Each structure stands twice: as C-alpha cells, then as structure tokens.
Amino acid sequence: MSLWRNAGLPAPEVAERAGHSVDVLLKVDAKCIDGDRSRMNERIEAALSA
C-alpha cells in the first residue's frame, strides 16, 4: 500500500483496493509514506501555478 501511495495513487483508490477505509489506510501508511519534503513542495508549487 505505501508503495502505491508513494507512487502518487490517491488514498481512496488504494484504500478500496486494499479493502480498508481511507481512515485506516492513512493511519497505517502515515509511518511509511516517503517524507521527501522537496518533492512535496514541487507538487504544491505545480498545483498552485496551474
């Protein structure tokens, strides 16, 4: 699951495929999601400039 989330799949899709609620998925995945702050900042910048 964390591999899919790190690849950018939306949480609701991953949760559905895993048979979990989004709440459960995020609680479990919170410790596993790649913390690459610079990559996240780039995504935010791209979204704001679109």
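**Exercise 1.** Identify the partner with which Arg-17 forms a salt bridge, and state how exposed each residue is.

*Solution.* Step 1: apply the criterion, namely a side-chain nitrogen of Lys or Arg within 4 Å of a carboxyl oxygen of Asp or Glu. In this predicted model, local features need pLDDT of at least 70 and side-chain atom pairs count only at pLDDT 80 or more, whereas totals for chains, interfaces and linings use all residues. Residues are numbered from 1 along each chain as its sequence is written, and side-chain values use heavy atoms, with hydrogens and water left out.

Step 2: the partner of Arg-17 is Glu-13, with 2.5 Å between the closest N and O atoms. Searching the whole structure yields one salt bridge.

Step 3: place the pair. Both Arg-17 and Glu-13 belong to helix H2, four residues apart, about one turn of the helix. Helices here are DSSP runs (H or I, at least four residues), numbered from the N terminus.

Step 4: classify the exposure, where buried means under 20% relative accessible area, exposed over 50%, and partly exposed in between (1.4 Å probe, protein chains only). Arg-17 has a relative accessible area of 56% and is therefore exposed; Glu-13, at 30%, is partly exposed.

Step 5: as a general principle, side chains of opposite charge can pair when their charged atoms come close.

**Exercise 2.** Determine which residues of helix H2 are buried and how they are arranged about the axis.

*Solution.* Step 1: within H2 (residues 11-18), the buried residues are Ala-11, Val-14 and Ala-15. Viewed down the axis of H2, they fall within an arc of 100°, so they line one face of the helix. The arc is taken from the directions from the helix axis to the C-beta atoms.

Step 2: Pro-12, Glu-16 and Arg-17 are exposed on the other side of H2.

Step 3: the cover over the buried residues of H2 includes helix H1 (2-6) and H3, contact being heavy atoms within 4.5 Å.

Step 4: just after H2, Gly-19 adopts a positive phi of about 75°.

**Exercise 3.** Locate Val-28 and describe the nonpolar surface patch to which Val-28 contributes.

*Solution.* Step 1: Val-28 is part of helix H3 (residues 22-29). Its relative accessibility is 44%, so Val-28 counts as partly exposed.

Step 2: together with Met-1 and Val-24, Val-28 makes a nonpolar surface patch of about 220 Å².

Step 3: Val-28 and Ala-50 are separated by 22 residues in sequence and by 32 Å in space, C-alpha to C-alpha.

Notes: Patches are made of residues with over 30% relative accessible area and no salt bridge: like charges are joined within 9 Å, nonpolar side chains (Val, Leu, Ile, Met, Phe, Trp, Tyr) within 5 Å. Accessible areas come from the Shrake-Rupley method with a 1.4 Å probe; for residues, only the protein chains shown count as cover. Helices (H or I, at least four residues) and strands (E, at least two) are DSSP runs, numbered from the N terminus.
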